[in-house]
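Reader: I am new to this structure and would like a close look at a single part of it. Could you take me through one chain slowly, explaining the terms as you go?

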Amino acid sequence: MGLFSKFIAKIKGTNDFSPADWAELEQELLASDLGPTLTNNFLEAAKKVKSDNAELALIEILTSNLSKNSHEPVLVAGTTTIMVVGVNGTGKTTSVAKLASYYKKSGKSVVLAAGDTFRAAAVDQLKTWGSQIGVLVVSGKDNGDPASVAFDGAKNAHESASDIFIIDTAGRLHNKNDLMAELSKVKRVVEKVSPINEVLLVIDATTGQNGLQQAKIFTQCVEVTGIVLTKLDGSAKGGVALAIEAELGIPIKWVGTGESESDFALFDAQSYIKGLLS
Amino acid sequence: MFESLTSRFGGAFSSLRSRGKISSSDIETTCEEIRQALLESDVALSVVEEFIEDIRKKSLDALPTLQSGSNQANAIFEIVNASLIAILGGQARRVRFAKNPPTVIMLAGLQGAGKTTLAGKLAKFYADQGNTPLLIASDLQRPNAVTQLQVVGESVNVPVFAPELGNGQGDPVKVAKAGIEFAKSKQYNMVIVDTAGRLGVDKELMKQASDIRDAVNPDEILFVVDAMMGQDAVRTSQAFLDGVGFDGVVLTKLDGDARGGAALSIASMTKRPIMFASTGEKLHEFDIFYPERMASRILGLGDVATLAEQAKKAFDTDTSAKLEAKFASGEDFTLEDFLEQLQAMSKMGNMSKILGMLPGAGQMKKQIENFDEGEIIRTKAIVQSMTPAERREPKLLNGSRRARIAMGSGRKVSDVNNLVDRFSAAQKMMKQVRNGGMPAGMPPGMAMPAMPKVTKPNNKKKSKSGNPAKRALEQGL
């Protein structure tokens, strides 16, 4: 039995929760990477719950931390341009492929730009995905200028009147100013062709409180409009994404749950919140 | 690196230092502050509790003996430092070499932890020490992981054994086994096996990893973990320990601003030492992990040991000896020497990283982050646009020469003037030092590029100067 149901059972029954039980709940929440602030807030609110339907009340407390912004992916008339950003190793390229596959399956035409010109073989990785899914991948030279690849891709997507244009970018640590400046440049240059409608920040569910810092700085740099939470199929709960929602109001839009292109889904608040406590 | 944790610790200790005499309740407060700092740094709760209990007990035990001492806060600080070092693994351990080569190192870890890049870094690290490593591409899962390893291998000049293209095809166990045979037959003395990233909960892939282990019988299994990892580090490392087993830990992406709590958790829970740390995307940005240095870093003591080592590597003995001889013989320090120093500095890597290692760097975090790396490059460009004669004899630099240098380096004439002025000032200072016998500190050029850039307003005069350099300056070229 998950801790949450244990908690619910206790509240329903005797309404008597011992200090040890609270400590256990605290440990569980911290272990989900909610971080100490959110955990403390939750515990305080939870201690006040007197409702008959405690389960709903507690889910409500956590849900109230979700961003008020829409969790729906942006879609515009004409070409929807999506840029995918994040630190190294979170699964950006895989997420780009999964997005492409998702849109392709829903009958949309998709163009990808292989903007990760830095990591060895990243372009090949995306091309391999592209040929598997059956979408065009626009690429340049290794170590070339990512902005020019993205620009070429944008032009191609517009000339071919594609529905969806997705830009993959190289992973970069948010505290490297020069690399962050390069990212703003990619955005600026692409926006000469058309506005970027969605900037997705890929957050690895195993990331700890540093995820908050990543979201803060990437948003300052390129105005992140949504989160892709990856690797949720492991034992990590991805609680830092809730901290990001609560503190920065950036909504989670997609969830990655495996290595295959179909292991990808729209964000579902209920299953995410329940997952945090399971 | 670890900055947030550092500033938290800094806060806890500075409030402790402000007390005249420390009471047991002060220790309780400090412990509570450290607890909060560690939790915010993703250290697992159980590890935090254990750590806090340990330092609380040691501090309270030590308190009676400290009453008369003038610096009680420092004694407490020492206790925390020692406990941190103990958790981080005590003495740094080196890789065990096999009695009969090749020494086999196997890498394991989650997806995206940085295994493939690390394989290249390890290979370079050991090749530089005179070993002959071979990389084996046993990650046949992730699209193009094999290609990535080949590219990495090529750039560090280490051969890659990759009979399978990967992308889901081929048997990684067979590849690993064949790779070892190949290494034996070709007498490579070291083998590094890259494996597919896997989740702790993925039984099938975990089995594959243990099959690879059984096939290659590694001397060291290294668990590669991302420094940004959260609380799951504990579960995942336990799963790997049970599923594959590992002998040491490698922390990657330590150049980020992650608080690195995962390192403390994993070292404490698994009792396996952290052996290496990876601090950048370039293949030389990698080093042995030194627990005592890391503890100093967390506590805001700076990392002078690492800094000194990097400086030694960058300023090769030849250059230093030449400079010293020059200085002693009374010769002038020239722009050519200056250029050599600048080049050595760029070899040391990113300036903000270097500055971050200095004691007290935590307090200057913002300034360090905003350090303009381009300033060194621009300064170098100016000096490189000079002829060798000009570099040796800066007095030659008249107006038209300066204008040419500005053109060549893509800078303004005012930038050239500025550099020459600062250089002559430094040169003069060196002469004074030599004549006055004052103690010489850093190499004089060191401080120059970091000096604040003075930009003079250039709208003072309206008339055009006959001197092209001055004219360019007036026009704000």
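Author: What follows is a walk through chain A, from its domains to a pair of helices, a loop residue and the side that touches chain B.

This is a predicted model, in which local features need pLDDT of at least 70 and side-chain atom pairs count only at pLDDT 80 or more, while totals for chains, interfaces and linings use all residues. Residues are numbered from 1 along each chain as its sequence is written, and chains are lettered from A and ligands numbered from 1 in the order in which they are written.

Chain A is divided into domain 1 (3–63) and domain 2 (80–277), with bounds that come from an automatic or database domain assignment. The centres of these two domains of chain A, taken over C-alpha atoms, are separated by 34 Å. Where they touch, 10 residues of domain 1 of chain A are in contact with 13 residues of domain 2 of chain A, contact being defined as C-beta atoms, placed from the backbone, that lie within 7 Å. On the domain 1 side, the elements that give two or more residues are α1 (3–13), α3 and α4 (54–63) of chain A, and α4(A) gives the most, with 3 residues. Helices here are DSSP runs (H or I, at least four residues), numbered from the N terminus.

Within chain A, α8(A) and α9(A) pack at an angle of about 45°, with their axes 9 Å apart; axes are lines fitted to C-alpha atoms, for helices over the stretch in contact, and angles run from 0 to 180 degrees between N-to-C directions. That angle makes α8(A) oblique to α9(A), a word for what remains once angles under 35 degrees count as roughly parallel, over 145 as roughly antiparallel and 65 to 115 as roughly perpendicular. In this pair, Met180(A), Leu183(A), Ser184(A) and Lys187(A) of α8(A) meet Ile217(A), Cys221(A) and Val222(A) of α9(A).

In the loop between α2 and α3 of chain A lies Asp33(A), which has a positive phi of about 70° although it is not a glycine. Asp33(A) is buried, with 28 other C-beta atoms within 10 Å, where buried asks for 20 or more such atoms within that distance.

Finally, 34 residues of chain A are in contact with 38 residues of chain B. The elements that give two or more residues to this side of chain A are α2 (19–31), α3 (35–47), α6 (122–133), α8 (177–190) and α9 (210–222), and the largest share, 4 residues, comes from α6(A).

Note on methods
Contact = placed C-beta atoms within 7 Å. Buried ≥ 20, exposed ≤ 12 C-beta atoms within 10 Å, placed from the backbone.
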